[in-house]
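Trainee: Got a minute to go through a model with me?
Mentor: Yes, put it up.

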Amino acid sequence: MYFMKYLQDIGSYFLMLKKVFGSFTKRSVLKHLIFKEIDDLIIGSLGIVAFISFFVGGVVAIQTALNMDNPIIPESLIGFATRQSVILEFAPTFISIIMAGKVGSFITSSIGSMRVTEQIDALEVMGINSLNYLVFPKIVALMFYPFVIILSMFLGILGGWVAAVYGGFSSSAAFIEGVQQDFIPYQLFYAFFKTCVFAFILATVPSWQGFYMKGGALEVGKASTNSFVWTSVLIIASNYIITQLLLS
């Protein structure tokens, strides 16, 4: 029974994607909607992303320093470990899971509220492709999501530098040397590739949960919870698959 329900959900998700890229809303209307979504989803998330990135980068540097018991190990390892942790996993994956809670819940609740108040029905009565009108601007807006991750990477490494240098664990020169040590540009490609995949998941899965929900205000809250759970699961699963394909 549950297996059939999951198959039905997967089918409805892909049918939704087909309709999203079906008949398009007027370009002038879409342009306004896209800028609004960029403001709500991207710019509105910069504060929390900056705060978390800076302090988690500092925590990574401190934990690395405290676990370096052998005096033979160079101080530059702190910068190296901070860079690797932030670029490969923390910035793209951990921040995306946080965004699943912030952005995903916002998307689900906003579309779900429109479903409850019959605004979506009104759009369809007017002959508007409601999925294109509601979901497509969110997909386009979240294609700017890699810029959020660039900010997260920078502030994570900066937070590690501040914690290591001012905490007395490393000199500034040693930390910067570690950040530059054995740098592989392909790792940035890997990080940004999976960031784009996560952005698509962040835009579409919460929209799907909100668009197809049924009931009243209570169900909007349940849909937001389900949205966070499924978005996080898909981000983690796709992270595993992409890592196997690109790094193994």
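Mentor: We can take the whole chain first, then one residue.

Mentor: This is a predicted model, where local features need pLDDT of at least 70, side-chain atom pairs count only at pLDDT 80 or more, and totals for chains, interfaces and linings use all residues. Residues are numbered from 1 along each chain as its sequence is written, and side-chain values use heavy atoms, with hydrogens and water left out.

Trainee: How many helices and strands in the protein chain?

Mentor: The protein chain has 10 helices and 0 strands, taken as DSSP runs (H or I, at least four residues, for helices; E, at least two, for strands) numbered from the N terminus.

Trainee: And what share of the residues is buried?

Mentor: Of 248 residues, 44% are buried, meaning under 20% relative accessible area with a 1.4 Å probe, protein chains only; exposed is over 50% and partly exposed is in between.

Trainee: Switching to E89, where is it?

Mentor: E89 sits in helix α4, residues 76-116.

Trainee: Buried or exposed?

Mentor: Neither label fits: E89 is partly exposed, at a relative accessible area of 31%.

Trainee: Which residues does E89 touch?

Mentor: Leaving out residues up to four places away in sequence, E89 touches Q84, F94, Y190, K194, N239 and T243, with contact meaning heavy atoms within 4.5 Å.

Trainee: What joins the side chains of E89 and Y190?

Mentor: A polar contact of 3.3 Å, that is, a pair of N or O atoms within 3.5 Å, one able to donate a hydrogen and the other to accept it.

Trainee: How far is E89 from A191?

Mentor: E89 and A191 are 7.8 Å apart, C-alpha to C-alpha, and 102 residues apart in sequence.
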